[in-house]
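Thank you all for coming. I would like to walk you slowly through one chain today, so please have a look at it before I begin.

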Amino acid sequence: MTYLATFFWGWLLASFLLGFAMGWIAVVHRGPVVSRRLTVALSVLVAALVAVSLARIVPGRYGYWLDLGLVMFALYLVGCAIGSWLRDWVVSRSMPPA
């Protein structure tokens, strides 16, 4: 994991910054809501991928790519959460009191 962080720090930073930008935009633009069924299916998929990664079932290069993809996805989600929270905080502070 340390190797991923030292060798791919630029890509990891880019995924975090892209998530931050998307989180910042998401507060302004409300898209259609994702259905509950699709949310559960995607959550199960991500949980299965994390379990496969932790169990080291996928060997070699493909396992390495899986680990890298999961770390980038996690950083993207963290960036989304921080960007969304900061944008909401900035917008709520600039609103006049009701």
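Let me start with a term that we need straight away: pLDDT is the predictor's confidence in each residue, on a scale from 0 to 100. What we have on the screen is a predicted model, and the average pLDDT for the chain is 87, with 89% of the residues scoring at least 70. That confidence is lowest in helix α1, residues 2-7, where the mean is 79, and highest in α3, where the mean is 94.

Turning to the overall layout, the chain contains four helices and zero strands, and if you read along the sequence you meet the pattern α-α-α-α. Of the 98 residues in the chain, 15% count as buried.

I would now like to spend some time on helix α3, which covers residues 36-55. It has 20 residues, and from its first C-alpha to its last α3 reaches 28 Å, which is close to the 28 Å expected at 1.5 Å a residue.

Which residues form the nonpolar patch on the surface? They are V34, L38, L42, L45 and L49, and together they have about 420 Å² of accessible area. One of them, L45, is found in α3, and L45 counts as partly exposed because its relative accessibility is 47%, where partly exposed means between 20% and 50%.

Another residue found in α3 is S43, and with a relative accessible area of 44% S43 is likewise described as partly exposed. A polar atom of the S43 side chain lies 2.8 Å from the backbone oxygen of T39.

Just after α3 we come to R56, which lies in the loop between α3 and α4. What is there to notice about its backbone? R56 has a positive phi of about 55° although it is not a glycine. As background, most residues other than glycine have a negative phi. As for its surroundings, R56 counts as exposed, because its relative accessibility is 73% and the cut-off for exposed is over 50%.

Finally, let us move on to helix α4, residues 60-94, where V78 is found. V78 is partly exposed, with a relative accessible area of 41%. How far apart are V78 and L17, in sequence and in space? They are 61 residues apart in sequence, and their C-alpha atoms are 9.7 Å apart in space.

To go back over the main points, we have a predicted model with four helices and zero strands, a nonpolar surface patch that includes L45, and a positive phi at R56 in the loop between α3 and α4.

Definitions and conventions:
Residues are numbered from 1 along each chain as its sequence is written. This is a predicted model: local features need pLDDT of at least 70, side-chain atom pairs count only at pLDDT 80 or more; totals for chains, interfaces and linings use all residues. Side-chain values use heavy atoms; hydrogens and water are left out. Patches are made of residues with over 30% relative accessible area and no salt bridge: like charges are joined within 9 Å, nonpolar side chains (Val, Leu, Ile, Met, Phe, Trp, Tyr) within 5 Å. Accessible areas come from the Shrake-Rupley method with a 1.4 Å probe; for residues, only the protein chains shown count as cover. A salt bridge is a side-chain nitrogen of Lys or Arg within 4 Å of a carboxyl oxygen of Asp or Glu. Helices (H or I, at least four residues) and strands (E, at least two) are DSSP runs, numbered from the N terminus. Buried means under 20% relative accessible area, exposed over 50%, partly exposed in between (1.4 Å probe, protein chains only). The expected span of a helix is 1.5 Å times one less than its number of residues. A polar contact is a pair of N or O atoms within 3.5 Å; within protein, one must be able to donate a hydrogen and the other to accept it, and residues adjacent in sequence count only if both atoms are side-chain atoms.
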